[in-house]
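Here are my notes on this structure, point by point. Please read them with the model open beside you.

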Amino acid sequence: MRVAAPHETVQLLVRSGLPLGIACQCCQHRTVLKYTLLGVHEGDRRQLCRLPLICRCGRRNIDLIVLETPDDEPAFLSGEILGIARRPASSF
Ligand SMILES: [Zn+2]
């Protein structure tokens with residue numbers, strides 16, 4: 001697994017079928033979300049960093065982790081759940 005590069009788009013998730021790892025820099029909560037739960041669809045070209053994600057602690061200082069094999073998911077997880085901000089990405 002690795003930190004997502006700034007130029008990478010959500011197509012990465014669509015192609016791999018693996019969830020995105022999300023880690024809060026403030027409270028250390030982490031979770032994984034499948035692209036279907038992120039509102040991503042085929043043909044979506046948004047950059048990963050444009051996804052409207054917010055931790056349940058209220059912060060947006062979030063690390064996005066690209067999982068590269070199915071084994072990365074249990075390795076990444078600690079069981080805590082992050083929330084998704086229900087607002088358009090343009091508010092970022
Ligand atoms: Zn947090």
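1. In what order do the elements of the protein run from the N terminus on? The order is β-α-β-β-β-α. That makes two helices and four strands. Keep in mind that this is a predicted model.

2. Confidence comes next. Mean pLDDT is 84 for the protein. A value of 70 or more is reached by 84% of the residues. The weak stretch is residues 79-92, where pLDDT stays under 50. The model still has 27 contacts beyond four places in sequence for residues 79-92. I would read those contacts with the under-50 pLDDT in mind.

3. The four strands form an open sheet in the order β1-β4-β2-β3. Pairing is antiparallel. The edges are β1 (2-3) and β3 (30-33), and each of these pairs on one side only.

4. Now the pairings one by one. β1 and β4 (residues 62-66) are antiparallel and share two bridges. R2 has V66 of β4 as its bridge partner. Between β2 and β4 there are five bridges, again antiparallel. There, I22 has L64 of β4 as its bridge partner. β2 and β3 also run antiparallel, with four bridges. L20 faces L33 of β3 across that pairing.

5. How well covered is β2? Mostly covered: five of its five residues are buried. L20, I22 and C24 point one way, while G21 and A23 point the other way. In a regular strand, side chains alternate between the two faces of the sheet. Here the residues pointing either way from β2 are buried.

6. The largest nonpolar core holds 15 residues. V10, L13, L20, Y35, L38 and V40 have the most contacts inside it. Strand β2 (residues 20-24) gives the most to this core, with four residues. Burial of nonpolar side chains together is a tendency of soluble globular proteins. L13 shows how this core is wired: beyond its neighbours within four places in sequence, L13 contacts L18, L20, Y35 and V40.

7. Is L51 buried or exposed? L51 is buried, because 22 other C-beta atoms lie within 10 Å and the cut-off is 20 or more. L51 sits in the loop between β3 and β4. T9 is 42 residues away from L51 in sequence, yet the C-alpha to C-alpha distance is 9.7 Å.

8. Q28 deserves a look. Its phi is near 75°, a positive value in a residue other than glycine. Most residues other than glycine have a negative phi. Where does Q28 lie? Q28 is in the loop between β2 and β3. The hairpin of β2 and β3 has five residues between the strands. Q28 counts as exposed because it has 11 C-beta neighbours inside 10 Å, and the cut-off is 12 or fewer.

9. Two totals to close. Of the 92 residues, 22% count as buried. Contacts between residues at least 6 apart in sequence were also tallied, and 78% of them join residues at least 24 apart. The pair L51 and T9, 42 residues apart in sequence, can be viewed alongside that total.

Terms used: Residues numbered from 1 in each chain as written. Predicted model: local features only at pLDDT ≥ 70, side-chain atom pairs only at ≥ 80, totals over all residues. Core = buried A, V, L, I, M, F, W, Y, C linked by C-beta atoms within 7 Å. Contact = placed C-beta atoms within 7 Å. Pairing = 2+ DSSP bridges. pLDDT = per-residue confidence, 0-100.
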